[in-house]
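Biologist: I'd like to go through this one slowly. Could you show me the model and explain the words you use for it?

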Amino acid sequence: MTRQLHIGLSLTPTWLKGKAADDPDSRPGGDPVEFNLALTRMAERAKLDFVFKPDYLRMYPGIGGGHVGLDPTLLMTALARATQNIGLVTTVSTSFNPPFVVARQIQSLHWISKGRAGLNIVTSIEGAENFGDAPMPPPETRYRKAAEFTQVMRRLWQSYPHAALTGAAPSAAIDHHGEFFSVAGPLNVPGHAAGPPPLFQAGASDIGRDFSASIADATFAATPDREAGIELRNDLRCRAEGHGRGADSVRVLPGLYFFLTGTREEAWDLHARAHAHLTPEQRRKSVKSVLGLDLGDLPPEARVTAEMLPPPDTPVRSRTHADLLRRFIEANRPTVAEVLARPEVVGSAHWVSVGTVDDVLAEIVDWHEAGALDGFIAIPGGSLRSLQLFLEELVPALAQRGLFRSDYEGATLRAHLRLGDER
Ligand SMILES: Cc1cc2nc3c(=O)[nH]c(=O)nc-3n(C[C@H](O)[C@H](O)[C@H](O)COP(=O)(O)O)c2cc1C
C-alpha cells in the first residue's frame, strides 16, 4: 500500500511577502492569536498532521503586514485548548536556551494539548546579539551543543516517567555534567501517556544531517528541486541506519512554497508580485550573503561557472543554503539572471510550485513517486486564497487518491506521524 503523506502547515504569514502584503484580504490584522487560531482550525478541518511555527530570536525582515513574532511555544498552548486533534510543533533554539526549561515547557505543552506537542530543534543562524556580547558560535559548536541539549532533554523526559504517576516506576535524577550543561534532574513534569513529543530538525549540512539522522523523527527540508529531495532523503535513510535506527525513522518533509489560483497565468502573476520588491542589487547582495560569491557587475546573460565559486569552506550563514546554490551552479552553468531568480536567492530555498490545484497536485504526486519526500510542510505564498485552495481543494484531492487521510485515526502527534511505541 502507498504510504500516506504527512502534511503540516507553517503558520508564518509567508503570503504577505512583497506586493502581496497590499492585498487587504490577506492581512492578519486584529488579534494575532485569533488569526493563528483561525488558520489552525482550517488546517484541522483539512485533517493535517500538524501546524508548525518556525522562529527567530530577533526582529525578522522580509515579511510585511506588521508581523508579530509571538513566542511559538506560548502560542501553541493557546491553540492547544481550542483544537482537538491537530499536532502543534513549536521551534526552540538549542543555542540560547537551557535544556531544563525547554524540557519542562515542551512536556507541559504535551499535557496541555493532550499529547499533541512536537519540537523543532534549531541551532539558529543569528540572534546572538540578544544573549550577550559573544558572536554567533561556529556551526560545529552549535551542533555539539544541540546534541548534548537533546540528550539532556530526553533524559529529563525519561527521569519522571508516566508510570511514576501510579507508582509503577520511580523518578530519578539524571546527574548530567557535560561540555555545555550541568543538570541534576529529575524533571518536575511527568511523561504523558502519548509518549514523548516528536522531534523535528532543520539544517542539512554534513553535521546537520548526521544530527538529524541520530535524533529526529522528521526533518524540515529545504529542497528547491526534486533531485535535492531524493538525494537528501536517501542520505538520511542511510545515515539513520548507521545510527542503529530504521531507514524510515526520519520523515523528510520539504517546505512547499505554493502559489495557487484558478489559472496558471494568475498564479505566476501572484508569484511575480511576491518577489517584485527584490531589486537586482538586493538579489546580488543575497548571492553574496548565501554563497560568499560576489557577482560584481557581471551582466545578466553572463554564465556563472564552478570555477567562479569561492572555496567550499568559506564561512556562510547556513551551509545548507550555500551547498544547494553551489550544487545548482556546478550542475547547470546558469546565467546571472537564472542565479538571481533561484529560490535560494529570493527566499528560503524551498520547493516552489505555481499553478492550479491540478498542477501543484501533479507535482506533489511526482515528488512522492520519485522518493523525494515523506510529506511536506505547506508554506502558502501569494495570498490567503492560495491557502484556502490548498486546504479546501488540494488536500481533499490527495485524500481522494489515497495519498492522505480523510479523517484522523488518532488524537496525538505520534499517531498522526505513525511513530511506533518506542519511548
Ligand atoms: C529549512 C530550514 C529551516 C530553518 N528554520 C529555522 C528557524 O525557524 N529558526 C532558526 O533559528 N533557524 C532555522 N534554521 C537554521 C538551522 O537550525 C541551522 O542553524 C542552520 O541551517 C545552520 O545549519 P547547517 O549548517 O546544517 O545548514 C533553518 C534551517 C533550514 C535549512
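Modeller: Let's begin with the rings: there are 14 aromatic pairs in the structure. Rings of Phe, Tyr and Trp (its six-membered ring) pair if their centres lie within 6.5 Å; planes under 30 degrees apart count as stacked, over 60 as edge-to-face and the rest as tilted. Before we go on, this is a predicted model: local features need pLDDT of at least 70 and side-chain atom pairs pLDDT 80 or more, while totals for chains, interfaces and linings use all residues. Residues are numbered from 1 along each chain as its sequence is written, and side-chain values use heavy atoms, with hydrogens and water left out.

Biologist: Why is the pair of phenylalanine 52 and phenylalanine 220 called edge-to-face?

Modeller: Their ring centres are 4.9 Å apart and their planes stand at 70°, so edge-to-face is the right label. This pair links distant parts of the chain, with phenylalanine 52 in strand β2 (residues 50-52) and phenylalanine 220 in strand β8 (residues 218-221), 168 residues apart. Strands (E, at least two residues) and helices (H or I, at least four) are DSSP runs, numbered from the N terminus.

Biologist: How do you know whether phenylalanine 52 is buried or exposed?

Modeller: Buried means under 20% relative accessible area, exposed over 50%, and partly exposed in between (1.4 Å probe, protein chains only). Phenylalanine 52 has 0% relative accessibility, so it counts as buried. Phenylalanine 220 has 13%, so that one is buried too.

Biologist: And what about aspartate 175, buried or exposed?

Modeller: Its relative accessibility is 52%, so aspartate 175 counts as exposed. You'll find aspartate 175 in the loop between α4 (139-159) and β5 (176-177). Its phi is positive, about 45°, although aspartate 175 is not a glycine.

Biologist: What makes a positive phi worth pointing out?

Modeller: Most residues other than glycine have a negative phi. Alanine 349 also has a positive phi, near 70°. Alanine 349 is in the loop between α11 (343-346) and β10 (351-355), and it is buried because its relative accessible area is 0%.

Biologist: What is the peptide bond from glycine 185 to proline 186, cis or trans?

Modeller: That bond is cis, with omega near -5°. Most peptide bonds are trans. Proline 186 lies in the loop between β6 (182-183) and β7 (199-201).

Biologist: What makes a group of residues a nonpolar core?

Modeller: It's a set of buried Ala, Val, Leu, Ile, Met, Phe, Trp, Tyr and Cys residues joined through side-chain atoms within 4.5 Å. The largest one here has 49 residues, and Leu48, Ile364 and Leu398 are among those with the most contacts inside it. Helix α13 gives the largest share of this core, 9 residues.

Biologist: Which residues does leucine 398 touch, leaving aside neighbours within four places in sequence?

Modeller: Contact means heavy atoms within 4.5 Å. By that rule, leucine 398 is in contact with several residues, including Leu5, Ile7, Leu361 and Phe404.

Biologist: How do you know that serine 205 makes a polar contact with the ligand?

Modeller: A polar contact is a pair of N or O atoms within 3.5 Å (within protein, one must be able to donate a hydrogen and the other to accept it, and residues adjacent in sequence count only if both atoms are side-chain atoms). A polar side-chain atom of serine 205 lies 2.6 Å from an oxygen atom of the ligand. A backbone N or O atom of aspartate 55 lies 2.6 Å from a ligand nitrogen atom, and one of serine 124 lies 3.2 Å from a ligand oxygen atom.
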